[in-house]
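Colleague: I should like a close look at one part of this model, with its surroundings explained step by step. Please set out how the part you choose is placed.

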Amino acid sequence: MHSAERLEYKKADRDEKRMRIVNGLVFRPDGRWERLEIQCVNGQIERLLPQEADQEKKGSGGSEKGKSVRTRWYEKAGETYFDASGCYVLPGLTDIHLHGAVGHDLCEALTDVRGGGDKTGEGKQKERISDIRKRTLQAISAIAEFEYSQGVTQMIPCTMTFPADELTQVLKACAAYASQTDAADRAELTGIHLEGPFLSEKKKGAQKREFLQKPDAVKIRDWQEAAGGLLKLMTIAPELEGAMECIRKFAKVIHFSIGHTEADYETAANAFLAGADHVTHLYNAMPPFGHREPGAIGAAVDAKQCFAELICDGVHVAPSAVRAAFTLFGDDRIVLISDSMEACGMPDGEYQLGGQKVLVKGKLATLEDGTIAGSASSLYQCMKKAVSIGIPLESAIKAVTINPCLAVGLEKEFGSIETGKRARFLILDQRLDIVEVIKEAEGQINARKRDCPARTGCVRMEGLLS
């Protein structure tokens with residue numbers, strides 16, 4: 001139990017729950033750094049005040065260098081303070097494309113159920129549905145806890161290609177999870193990304209061929225209903241029959257992302273004109289960007305409303321191509337994603353993705369035929385990798401905070417440190433190591449110490465923010 005303790009705090013006037021973050025360099029929406037005091041009330045950022053260097057310190061004294069996380073938290077006049085001296089203060093990260101982590105996958109129940117033949121018979125239908133929902137809820141909870149330890153406070157997990165009725169059960173489980181009380185020690189599920197089944201067979205990547213389908217507007221409508229409106233993103237190959245019709249019909253309620261596609265420039269450009277506004281993992285599972293045949297990448301560059309996902313794990317995309325993407329799209333349109341699968345946060349070994357065996361060694365995850373199958377890196381690690389290969393820190397931060405929120409319509413609540421937005425923060429030291437992750441939920445704020453294991457232990461401040 002070395003890793004957890006509960007601290008009680010007095011309530012301020014009118015039963016308000018107040019917190020202040022002081023002495024940190026705060027990342028501003030325009031990309032500047034500014035030393036500010038952040039005042040939060042009842043789970044929202046109430047005020048940002050200019051602050052001179054180390055204006056407000058904990059009264060216990062001692063050197064700021066090497067200050068522990070425990071001593072950074074203190075109480076004063078009925079309010080709770082976090083001393084961010086020597087640290088960067090970022091918005092909590094948002095990952096809009098991840099499949100799993102720490103041995104769990106969003107669709108793991110489908111793989112397990114399909115492997116257990118005794119539960120696929122007609123007489124076992126209710127038990128099978130119950131199994132899928134129970135296992136999916138457990139998987140989401142475990143993934144969300146790990147993601148929070150990595151600085152992600154909002155996540156949009158991603159499905160794989162499975163039969164329509166089985167995907168429906170996963171979506172219903174996601175809706176049930178999201179309707180529960182938002183836990184302070186987990187990333188919040190703020191949407192779902194449906195990656196498949198409307199994908200090109202030749203560019204399927206690690207998706208299962210036998211479950212690929214033609215785009216179907218009725219299925220999209222049914223899936224959105226099953227998800228309780230949580231479908232934020234849908235990857236689609238625009239060259240498939242029926243794809244353009246689906247994009248036109250649902251573009252006002254779902255963000256369509258061009259991916260796993262053989263589309264040429266004209267086809268992709270028409271998809272963007274029809275309402276698509278996103279590209280799934282740029283460069284991967286699509287034709288290359290050629291000077292005579294620019295393909296979907298060229299069309300995405302020209303579609304100024306389009307955001308482009310990028311996996312910067314050191315495996316999927318070469319450093320030069322990462323830098324080229326930021327140059328082509330600008331740092332306002334690049335969205336870094338993890339595309340993590342269940343091996344993220346786990347040792348080397350054998351795992352699964354979409355019902356297929358995946359071999360993981362280091363950061364490389366592949367199917368048995370050598371096809372890359374997701375990543376074994378978290379979004380936080382991808383951000384650090386981007387900085388290490390020459391992407392400016394400010395650009396990398398935008399690509400993991402405000403850009404993903406803008407891409408899926410979450411920017412009114414998340415993605416930047418501004419008055420009125422939710423109180424969610426990632427505190428980094430000057431080496432970009434995580435010092436603290438802060439997130440309000442249900443009258444308490446969770447603060448995870450960096451020396452805690454990823455899946456156990458936290459410091460939870462009771463009765464602080466709601």
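Modeller: What follows concerns one helix and its place in the packing, with a brief turn to other parts at the end.

The model is a predicted one. The helix in question is α10, residues 379-388, and its buried residues are L379, Y380, C382, M383 and A386. These residues lie on the same side of α10, because they cover an arc of only 160 degrees around the helix axis. After the helix comes G390, which has a positive phi, near 110 degrees.

Several of the buried residues of α10 recur among the contacts of L336. Leaving aside residues up to four places away in sequence, L336 touches L379, C382, M383 and A386, and its other partners are L310, C312, F326, A396, A399 and V400. L336 itself belongs to the largest nonpolar core, a set of 101 residues in which F272 and L336 touch the most other members. The greatest contribution to this core comes from helix α4 (residues 164-179), which supplies 6 residues. There is also a second, separate core of 20 residues, with M19, V26, I45 and F82 among them. In soluble globular proteins, nonpolar side chains tend to be buried together.

Elsewhere, strands β5 (residues 73-76) and β6 (residues 79-83) run antiparallel and are joined by 4 bridges. Opposite E79 in β6 stands K76. The hairpin of these strands has 2 residues between them, and A77 there adopts a positive phi near 50 degrees.

Note on methods
Residues are numbered from 1 along each chain as its sequence is written. This is a predicted model: local features need pLDDT of at least 70, side-chain atom pairs count only at pLDDT 80 or more; totals for chains, interfaces and linings use all residues. Side-chain values use heavy atoms; hydrogens and water are left out. Buried means under 20% relative accessible area, exposed over 50%, partly exposed in between (1.4 Å probe, protein chains only). The arc is that of the directions from the helix axis to the C-beta atoms. A nonpolar core is a set of buried Ala, Val, Leu, Ile, Met, Phe, Trp, Tyr and Cys residues joined through side-chain atoms within 4.5 Å. Contact means heavy atoms within 4.5 Å. Two strands pair if DSSP finds at least two bridges between them.
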